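Reader: I have a structure to look at and plenty of words I don't fully get yet. Can we go through it together, with me asking what makes each label fit?

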Amino acid sequence: MGTPDVRFWAERGGLLLKRARQAASMNQTVLADLSGTSRTTLSAYEHGRKSPTLETAGRILDAAGFHLALEPKIEFTEHEGSFHVPDRLPRLPAERALATVDYPAGRRRDLADRADRGAVYSAVLREGTPADLLRYVDGVLLVELWRELELPEAVRAAWTPLVRACRAA
């Protein structure tokens, strides 16, 4: 796996700062003032023209009401039958884990409802893409529902070690 270039990380970091600012309902001038930087510098960070130091990024995120956090990278293996299994169980923020979703397409489901969540998880584990798994499946809620999910034996067998490892922890 190649290392992404500096431009990739500058753009990704800029998007992170912009999302934090927008989530805090701040404009660039307000966030720049609160974080001790200039509006033009903040704009350059947000657009990937400049890269802040880790200390500066932390200060900007803190001023917006966020903090830097380490999040595990999840890798996927495609199995015969075109289903995917991650190397670790994903975690979702509560508002996404319990959201109303459109999965499979055209079918509204409420992930706060146990039966709907089971239907979505069963479908995503059987036929979802890695992006679907990261968007809809929360590892803790999956483990809690595991015995009730209707899954082909191959899918169940491939996911069982992850579920067991989570229960053993």
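Reader: Let's jump straight in: which strands and helices do the buried residues of helix 9 pack against?

Author: They pack against strand 1 (76–79), strand 2, helix 6, helix 7 and helix 8. Keep in mind that this is a predicted model.

Reader: Which residues of helix 9 are buried?

Author: Val-155, Arg-156, Ala-158, Trp-159, Thr-160, Leu-162 and Val-163. To earn that label, a residue must have under 20% relative accessible area.

Reader: How do you know how far helix 9 reaches, and what is expected?

Author: Helix 9 has 16 residues, and its first and last C-alpha are 22 Å apart. At 1.5 Å a residue, the expected reach is 22 Å, and the model comes close to that.

Reader: Where in helix 9 is there a kink?

Author: At Trp-159, with a bend of about 40°. The proline Pro-161 comes shortly after that spot.

Reader: Trp-159 keeps turning up. Which residues touch the most other members of the largest nonpolar core?

Author: Trp-159 is one of them, along with Val-120, Tyr-121, Leu-125, Leu-142, Trp-146 and Leu-149. The core has 28 residues. Two or more residues each come from strand 2 (83–86), helix 6 (114–127), helix 7 (130–136), helix 8 (139–145) and helix 9 (153–168). There is also a second, separate core of 11 residues, with Leu-17, Met-26, Leu-42 and Ile-60 among them.

Reader: What is Val-120 in contact with, leaving aside its neighbours within four places in sequence?

Author: Val-101, Tyr-103, Arg-109, Leu-111 and Tyr-136. For a contact, heavy atoms have to be within 4.5 Å.

Reader: Why is Ser-122 called buried?

Author: Its relative accessible area is 6%, and the label asks for under 20%. So Ser-122 counts as buried. This serine lies in helix 6.

Reader: What makes the pair of Ser-122 and Glu-150 a polar contact?

Author: A polar atom of the Ser-122 side chain lies 3.3 Å from the backbone nitrogen of Glu-150. The cut-off for such a pair is 3.5 Å, so the distance fits. Beyond its neighbours within four places in sequence, Ser-122 is in contact with Leu-149, Glu-150 and Leu-151.

Reader: And Arg-135, why is that one called partly exposed?

Author: Arg-135 has a relative accessible area of 41%. Buried is under 20% and exposed is over 50%, with partly exposed in between, so Arg-135 gets the middle label. You'll find Arg-135 in helix 7. Leaving aside neighbours within four places in sequence, Arg-135 is in contact with Leu-92 and Arg-96. Arg-135 and Arg-91 are 44 residues apart in sequence, while their C-alpha atoms are 9.7 Å apart in space.

Reader: What makes helix 3 largely enclosed by the rest of the structure?

Author: Count its buried residues: 6 of the 8 in helix 3 (residues 39–46) qualify, so the helix is largely enclosed. The buried ones are Thr-41, Leu-42, Ser-43, Ala-44, Tyr-45 and Glu-46. After helix 3 comes Gly-48, with a positive phi near 75°.

Reader: Which residue other than glycine has a positive phi near 55°?

Author: Ser-25. Ser-25 lies in the loop between helix 1 (6–23) and helix 2 (28–35). At 68% relative accessibility, Ser-25 is over the 50% cut-off, so it counts as exposed. Ser-82 has a positive phi too, near 60°, and lies in the loop between strand 1 and strand 2. With 45% relative accessibility, Ser-82 counts as partly exposed.

Reader: What kind of peptide bond joins Tyr-103 and Pro-104?

Author: A cis one, with omega about -10°. Pro-104 sits in the loop between strand 3 (100–102) and strand 4 (108–110).

Reader: Let's zoom out. How many helices and strands does the chain have?

Author: 9 helices and 4 strands, in the order α-α-α-α-β-β-α-β-β-α-α-α-α along the sequence.

Reader: Why is the chain called more spread out than a compact globule?

Author: Its radius of gyration is 20 Å, whereas the globule rule gives 15 Å for 169 residues. The value is well over the rule, so the chain is more spread out than a compact globule. Along the principal axes, the C-alpha atoms fill a box of roughly 55 × 35 × 35 Å. Buried residues make up 39% of the chain.

Key. Residues are numbered from 1 along each chain as its sequence is written. This is a predicted model: local features need pLDDT of at least 70, side-chain atom pairs count only at pLDDT 80 or more; totals for chains, interfaces and linings use all residues. Side-chain values use heavy atoms; hydrogens and water are left out. A nonpolar core is a set of buried Ala, Val, Leu, Ile, Met, Phe, Trp, Tyr and Cys residues joined through side-chain atoms within 4.5 Å. Buried means under 20% relative accessible area, exposed over 50%, partly exposed in between (1.4 Å probe, protein chains only). A polar contact is a pair of N or O atoms within 3.5 Å; within protein, one must be able to donate a hydrogen and the other to accept it, and residues adjacent in sequence count only if both atoms are side-chain atoms. The expected span of a helix is 1.5 Å times one less than its number of residues. The bend at a residue is the angle between axes fitted to the seven residues ending there and the seven starting there. The radius of gyration is taken over C-alpha atoms; the globule rule is 2.2 Å times the number of residues to the power 0.38.
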